[in-house]
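Student: I should like to take a close look at a single part of this model. May I ask for one connected explanation of it?

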Amino acid sequence: MGRIVVLDQNMVNMIAAGEVIERPASVVKELMENSIDAGATKIAVAVEDGGRKLISVADNGSGMDAEDVDMAFEPHTTSKIRTSADLHNISTLGFRGEALASIASVAQVRAVSRTQDSAGANCIEIDCGDKAAVGPASGDYGTTIQVRDIFYKLPGRRKFLRTANTEMGHIAEQFTRISLSCCSVQPPTLQNEKQNPDITTASLDLTLVHNGKELYRLPVGQTLAERINALFPMLSDGASNDFIEARSSERGLHIYALLGKPAISRTSNKFQYIFLNGRFIRDKFISHAIREAYRGLLEPNRFGVVFLFITMPFEDYDVNVHPTKSEVRFYNANLVHSQILGAIREKLLGTNLETHARLPVAAGSLAVEGPPLAGHRTQEISDAMADFFKKHRQSHTQRQFGFRGGPHWGTDRHAASSTMVCEPPAPAIPAIPTTPKTFIQIHDSFIVAQTDDGFVIIDQHALHERIMYEELQKRIRNGKLESQRLLIPQSFDLTEAQAGLIEENADLTEKLGIELVPFGPRAMAIQAFPSLLAKAEPLDFVRDLIDLLDRKDTGPDPETLLDDVLNMAACKAAIKAGQKLTDSEMEQLLTRRQSTDSASRCPHGRPTTIRFTLKDLEKQFKRT
Ligand code: ADP
Ligand code: MG
């Protein structure tokens with residue numbers, strides 16, 4: 001006798017449910033998406049015990065008649081597509097026709113629905129796939145679906161549910177994604193391709209209630225920024241000026257984004273919300289583009305907060321690659337990547353990202369006499385500085401740097417000729433006047449300078465490091481670094497493997513202007529070294545360079561490797577903290593700052609400048 005049998009339909013549904021319905025939050029997602037597809041303008045979600053006891057989603061959408069209420073819970077039933085051609089043009093959130101059947105196969109479900117032209121509502125109950133007949137019920141226009149005791153007949157799966165709090169966290173996350181997704185982006189009309197896509201206000205009224213307590217009430221008509229503030233009170237102190245707007249529109253691909261300034265960056269990319277034609281998606285190409293766009297503006301391991309809305313023709317991507325449709329396949333992923341990267345990067349570089357000092361609110365007169373203004377902030381900065389210098393081994397002997405016209409300073413003839421070629425647009429950082437002299441150096445580490453509307457504190461190392469970094473980048477882009485022969489070649493020992501690394505990366509050392517020659521067995525000598533880095537110790541530099549080459553993760557990507565090398569070079573060649581500067585050296589630093597692209601952040605993403613306004617001071621001294 002054959003051992004192979006056809007599974008009964010309920011088993012098939014339960015297996016499908018394993019893919020689509022992972023936990024209560026998946027039910028919330030599927031039901032809310034159905035409500036949106038039904039044209040609802042109002043959705044009320046109520047949950048008990050983290051969704052384990054009850055999930056109820058009520059909408060004011062188109063509703064279903066008696067026949068459809070019955071059909072909706074059959075597997076592979078959908079009103080959203082008819083032919084395979086429709087699959088390439090999906091504008092709805094659902095289309096697989098498996099959500100309701102899956103949910104009903106693993107829980108007790110009651111659905112009540114009423115269309116505009118029916119006299120009353122209809123109701124159906126299903127208990128883990130056991131369907132009762134449709135009957136009349138009382139109910140408003142729209143649909144209410146209640147899902148009780150999820151997985152109660154599947155102890156194996158029920159056991160995997162976490163605490164009510166954890167499950168509720170997942171539900172709130174799904175709710176958040178959907179409430180942002182309906183801040184719809186209006187793509188430009190065909191007649192006017194050039195017109196920018198724009199964010200309209202939220203088109204959905206949404207509430208989320210847990211155990212009788214209202215967690216969110218998001219009215220229709222909220223702007224995106226208002227909705228973000230309501231959903232993420234921890235992101236900013238209610239100030240929408242923590243975000244920068246970016247737009248771009250090219251070849252049918254429209255982008256609108258709210259970009260969090262570096263000051264509100266996070267330790268994970270959880271606060272990067274990407275929506276494609278109203279659908280929340282996760283996409284590694286896009287995440288990569290965002291990371292690249294923030295490169296150098298954030299400290300390593302920090303992530304920008306980004307709300308990104310993409311509008312593009314449905315036929316340019318496939319949503320049918322993942323059971324919950326949270327991943328898509330772009331037919332031209334490179335275009336998507338480069339447009340997003342370009343739009344975000346350009347905007348970030350063109351914006352003044354200086355850290356604005358957040359002064360503590362002086363609660364009483366005692367606060368004024370207490371620790372210095374912005375005490376905790378200053379402490380944070382000096383801690384970060386200390387940490388930074390610990391990591392970047394400072395040379396023990398504090399060398400003096402030949403500022404006055406020294407080639408490394410970047411104001412010499414060569415620099416001028418190579419930087420004139422394609423100077424990018426100057427960023428929007430307010431200039432710091434240098435005449436008459438209104439700046440001083442404090443603690444041999446910081447420059448305090450008066451500005452038109454207050455004063456700034458500049459971290460001399462961080463700023464010079466950024467200037468050096470950009471200078472190095474420009475020169476490398478235009479060819480190789482100019483080198484200088486050492487009077488006495490400096491030799492060093494190395495292993496076979498290290499010699500191999502140097503050989504493999506001969507291009508890179510040549511670009512950097514470092515000339516290395518064999519010097520007996522297992523030894524090499526440095527014969528020439530870049531003049532721009534004249535003040536760095538050649539041996540120390542080459543050793544660190546070999547370490548960088550040896551790092552497996554940078555091996556395959558020459559761009560990243562070069563960037564890391566330039567970072568290291570900038571750090572080594574920059575003036576250090578603890579180094580006394582003359583007035584003219586400070587003046588040069590302040591002047592150079594004006595023509596440096598991202599002068600507000602060091603290459604590691606730390607701020608170079610902290611700005612205080614007169615208004616801040618007046619507030620502190622209680623003048624206002
Ligand atoms: P899909 O959304 O993929 O079509 P579902 O199983 O989620 O599949 O839903 C099946 C069908 O039930 C939908 O196509 C739709 O016609 C109908 N339906 C589901 N929920 C609602 C609702 N809230 N209001 C109106 N119709 C609904
Ligand atoms: Mg659906």
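Is Cys571 buried or exposed? Please also explain how the cysteines bear on disulfides, and then describe the surroundings of ligand 1.

Tutor: Please keep in mind that this model is predicted. Cys571 is buried, its relative accessible area being 8%. For the sulfur of Cys571, the closest cysteine sulfur belongs to Cys602 and lies 8.6 Å away, which is too far for a bond. A disulfide is a covalent bond between the sulfur atoms of two cysteines. To be counted here, the two sulfur atoms must lie within 2.5 Å. Cys182 can be treated in a similar way. Cys182 counts as buried, at 6% relative accessibility. The closest cysteine sulfur to that of Cys182 is in Cys183, at 5.2 Å, and this too is too far for a bond. By the rule for disulfides, the count is zero.

We may now turn to the ligand. Ligand 1 is surrounded by 18 residues, and the closest are Thr78, Ser79, Lys80, Phe95 and Gly97. This shell comprises six nonpolar, eight polar and four charged residues. Some individual contacts can be named. A nitrogen atom of ligand 1 lies 2.9 Å from a polar side-chain atom of Asp59. The backbone also takes part: a polar backbone atom of Phe95 is 2.8 Å from an oxygen atom of ligand 1, and a polar backbone atom of Leu100 is 2.9 Å from an oxygen atom of ligand 1. Taken alone, ligand 1 exposes 530 Å², of which the protein buries 92%.

Technical notes
Residues numbered from 1 in each chain as written. Chains lettered and ligands numbered in written order. Predicted model: local features only at pLDDT ≥ 70, side-chain atom pairs only at ≥ 80, totals over all residues. Heavy atoms only, no water. Buried < 20%, exposed > 50% of the residue type's maximum accessible area, 1.4 Å probe, protein only. Near = heavy atom within 4 Å. Polar contact = N/O pair within 3.5 Å; in protein donor to acceptor, adjacent residues only side chain to side chain. Areas by Shrake-Rupley, 256 points an atom, 1.4 Å probe, with all protein chains shown as cover. Nonpolar A, V, L, I, M, F, W, Y, C, P; charged D, E, K, R; others polar.
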